[in-house]
Amino acid sequence: MSTYLIKGVRPLGGEPADILVEDGRIAAVGDSLDATGAEVVEAAGLIALPGLVDLHTHLREPGREDAETVETGSRAAALGGFTAVHAMANTDPVADTAGVVEQVWRLGQEAGLVDVVPVGAVTVGLGGERLAELGAMADSAARVRVFSDDGHCVADPALMRRALEYVKAFDGVVAQHAEEPRLTAGAQMHEGDRSARLGLTGWSAAAEEAIIARDVLLAEHVGARLHVCHVSTAGSVEILRWAKSRGVRVTAEVTPHHLLLTDACAESYDPVFKVNPPLRTDADVEALRAGLADGTIDAVGTDHAPHAVEDKESEWAQARPGMLGLEQALSVVIETMVEPGRLDWAGVADRMSVRPAAIGRLDGHGRPIAPGEPANLVLVDAAARAVVDPAALASRSRNSPYAGRELPGRVVATFLRGTPTVLDGKAVK
């Protein structure tokens, strides 16, 4: 295994230092380090963060390799600064058995670009009727600890309670897609004045908030861990803040697109802006940013959702919901949280690496930049700015909501256990 000497980088945005990486670990952090035979990475002006961890990625394999594969999604993740991603269960076949989650895990191992951590389905076939093989998936080679029917809500409260009780046995977490389906039938965008004017059926904030309120009460009742996917409303933030004040074991994530974009995007009728949950109002965006800043929202989860051209480039009502997110997630956080002074670089590391790794129970990720720790690192040029070109992205799909937008920040290098997956902004393999 090669030795790397990263010269003049700023760990967590602090004072410049050198980082020596040997045998997959950080061997030393200090001034004017030297190591005979080491490969030198000149990093003056760059910021070092622990490798980013995504709790919410759709890799589409098996079943929809025309939209994404584990390899292409892993490459996009590495280019975005990630060293671990959680692959959601809504594949074909659904990841509801030990066999399927082990297949996804092994594909990630073969790609070798990031740690691909499968998420197991809560219910068989995402059908919301019977619990899936939670214990078998937890005991499998993939060691699943996060379970979600994402794309579907576990709407039955009795079934949700049983799932929460079950995962306690192996310290798992149920990640809920909070959407009361009876309130969102036919919904196309956020419910409000704009949806009425555009003639698109509205998706009310209450549909999300009602499920979150129910589930934090269930989690409190059984003493289980609950994670809330892609929080999108101001009311949801308040419910989470209340639940945490009571000591409920609840965590939550917000997507980059919900931090930056609003329902005004729907006025173009461009289906690239169709997503579930929908883009919300300016007031919701402000509440989400505040919630991420004060820690009520624990993490940024990309909800990277690649779609083939025929599934996305159609009229709004027929288009599949979802957006790409892996390669621009850090840039969006820089624009919405760092540049306005809401988060410092230590805060970015906390919300994009430390807490997501803890939620997913990932050893070796989200660790301090210190001697003896695994060398999972990302080096960032925060001063760089670039216009997003979907054709230049590593994903197989092109449904980026940031197309043509100039965003700050550039991932210069990513190291997975001391092995570079990205150098000089380009994927190594």
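# Two annotated sites and two pockets

Let's start with one residue: if we skip the neighbours within four places in sequence, histidine 58 is in contact with Glu68, Met88, Asn90, Asp150, Asp303, His304, Ala305 and Pro306. Before going on, please remember that this is a predicted model.

Where does histidine 58 sit in the fold? You will find histidine 58 in the loop that runs between β6 (52–57) and α1 (70–79). Is histidine 58 buried or exposed? Its relative accessibility is 4%, and anything under 20% is called buried, so histidine 58 counts as buried. Its side chain also has a polar contact, at 3.5 Å, with the side chain of histidine 56.

Now, those two histidines come up together in the UniProt record. An unreviewed entry there carries a "binding site" annotation for His56, His58, Asp150 and Asp303. On the sequence these four span 248 residues, but no two of their C-alpha atoms are more than 9.8 Å apart, so they gather at one spot. From this set, His58, Asp150 and Asp303 belong to the lining of the largest pocket.

Next, take a look at aspartate 150, in the loop between β9 (146–147) and α4 (157–167). Aspartate 150 has a relative accessible area of 4%, so this residue is buried too. Which side chains make polar contacts with that of aspartate 150? One partner is the side chain of histidine 58, at 3.1 Å. Another is the side chain of histidine 56, at 2.8 Å. And in the wider neighbourhood, not counting residues up to four places away in sequence, aspartate 150 touches His56, His58, Met88, Asn90, His177, Cys229, His230 and Asp303.

Aspartate 150 turns up again in the record. A "binding site" annotation in the unreviewed UniProt entry covers Asp150, His177 and His230. These three span 81 residues in sequence, and yet no two of their C-alpha atoms are more than 9.9 Å apart, so they also gather at one spot. The lining of the largest pocket includes Asp150, His177 and His230.

Let's visit histidine 230. This residue lies in the loop between β13 (226–228) and α7 (234–245). With 2% relative accessibility, histidine 230 counts as buried. The side chains of histidine 230 and histidine 177 make a polar contact of 3.2 Å. Setting aside neighbours within four places in sequence, the contacts of histidine 230 are His56, Asp150, His177, Glu208, Glu253, Thr255, Asn276, Pro277 and Asp303.

One step back along the chain from histidine 177 we come to glutamine 176, in strand β10 (residues 173–176). Glutamine 176 is another buried residue, at 2% relative accessibility. A polar atom of its side chain lies 3.0 Å from the backbone nitrogen of valine 154. Glutamine 176 also touches, among others, His152, Cys153, Met160, Ile211 and Cys229.

So much for single residues; on to the pockets. How much space lies in the largest pocket? About 750 Å³. The largest pocket is lined by 37 residues, and the closest to its centre are Asn90, Gly151, Asn276, Arg320 and Pro321. You have met Asn90 already, as a contact of histidine 58 and of aspartate 150. Asn276 was in the list for histidine 230. Sorted by class, the lining of the largest pocket has 15 nonpolar, 13 polar and nine charged residues.

The second largest pocket holds about 530 Å³ of space. It has 22 lining residues, of which Glu327, Gln328, Ala386, Gly409 and Arg410 are the closest to its centre. Which elements supply at least two residues each to this lining? They are α11 (329–338), β16 (377–387) and β17 (406–416). By class, the lining of the second largest pocket has 13 nonpolar, five polar and four charged residues.

If you take one picture home, let it be aspartate 150. Its name appears in the annotation with His56, His58 and Asp303, and also in the one with His177 and His230. Aspartate 150 touches His56, His58, His177, His230 and Asp303, among other residues. Thanks for listening, and do turn the model around yourselves!

How values were computed: Residues are numbered from 1 along each chain as its sequence is written. This is a predicted model: local features need pLDDT of at least 70, side-chain atom pairs count only at pLDDT 80 or more; totals for chains, interfaces and linings use all residues. Side-chain values use heavy atoms; hydrogens and water are left out. UniProt positions are given in the numbering used here, feature names are shortened, and annotations may be inferred rather than shown by experiment. On a 1 Å grid over the protein atoms alone, a cavity is a set of points where a 1.4 Å probe fits but cannot get out, and a pocket is an open set with protein on both sides within 12 Å along at least five of seven lines; lining residues have an atom within 4 Å of a point. Helices (H or I, at least four residues) and strands (E, at least two) are DSSP runs, numbered from the N terminus. Buried means under 20% relative accessible area, exposed over 50%, partly exposed in between (1.4 Å probe, protein chains only). Contact means heavy atoms within 4.5 Å. A polar contact is a pair of N or O atoms within 3.5 Å; within protein, one must be able to donate a hydrogen and the other to accept it, and residues adjacent in sequence count only if both atoms are side-chain atoms. Grid points are joined across faces, edges and corners, and a volume is the space filled by probe spheres set on the points. Ala, Val, Leu, Ile, Met, Phe, Trp, Tyr, Cys and Pro count as nonpolar, Asp, Glu, Lys and Arg as charged, and the others, Gly among them, as polar.
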